[in-house]
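Dear colleague,

Please find below the structure that I am handing over to you. My notes on its charged side-chain pairs follow it.

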Amino acid sequence: IAYADPMMSLLLYPTTQHYKVKSETIRVVTAYNVGDPRQTDNTPCISANGENICKALAKGKKRCAANFVPLGSPLHVDKIGVCLVTDRTNKRYRNRVDIAMHKNEYHKARRFGRQKLHVKIIEPVPEK
C-alpha cells in the first residue's frame, strides 16, 4: 500500500502515511447507508466509537464497520481503498466488512451487494 486515503483525518494519519500489511484475506464485503434508521440502530449517524459518521462521510472520509479488528484500525479493501473501522457489524457477521455509504446512496449500496474481496489489515509505518 503506497499511502493512505488522502481524505482521512490529518490528525490520525498524514496524507503521505505509509503502511505495512499485518495480514490479508478474502472476506465478504457489503455496504450500508449511514443515517438510515432502517439499517442502523436508533442513533443512525453515531458510530460505535462515538464519531458522527454522517459528517465524516460528508467530508469525504471513508469509514467501515468490522468486528475482527479494534475500532480505529485501518483496512485496505479492494475496490474501496483505505477505510477506518469506526463501527461494528451485527454479531452474526463477525468476519464481514461493511462499507459506510451516504444515506442517499441506497441504490449504490444495493448495487455493491455482497462481494468477496481482498481485505488487508494494515498499520502505519512510523516515519524516520
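**Salt bridges in the predicted model**

Lys20, Lys22 and Glu123 are joined in a network of salt bridges. Please bear in mind that the model is a predicted one. In total, the structure contains four salt bridges, and three of the pairs are described here.

Within the network, Glu123 and Lys20 meet through their side chains, with an N to O distance of 3.1 Å. Glu123 belongs to strand β6 (residues 115–124) and Lys20 to strand β1 (residues 19–33), so this salt bridge ties together parts of the chain that lie 103 residues apart in sequence.

Glu123 also pairs with Lys22, where the closest N and O atoms are 3.7 Å apart. Because Lys22 lies in strand β1 and Glu123 in strand β6, this pair ties together parts that are 101 residues apart in sequence.

As to solvent exposure, Glu123 is partly exposed, at a relative accessible area of 25%. Lys20 is likewise partly exposed, with a value of 45%. Lys22, at 54% relative accessibility, counts as exposed, since the cut-off for that class is over 50%.

A further salt bridge is formed by Glu105 and Lys108, whose closest N and O atoms are 3.7 Å apart. Glu105 has a relative accessibility of 21% and counts as partly exposed; the cut-off for buried is under 20%. Lys108 is partly exposed, with a relative accessible area of 40%.

With kind regards

Definitions and conventions: Residues numbered from 1 in each chain as written. Predicted model: local features only at pLDDT ≥ 70, side-chain atom pairs only at ≥ 80, totals over all residues. Heavy atoms only, no water. Helix = DSSP H or I, 4+ residues; strand = E, 2+ residues; numbered from the N terminus. Buried < 20%, exposed > 50% of the residue type's maximum accessible area, 1.4 Å probe, protein only.
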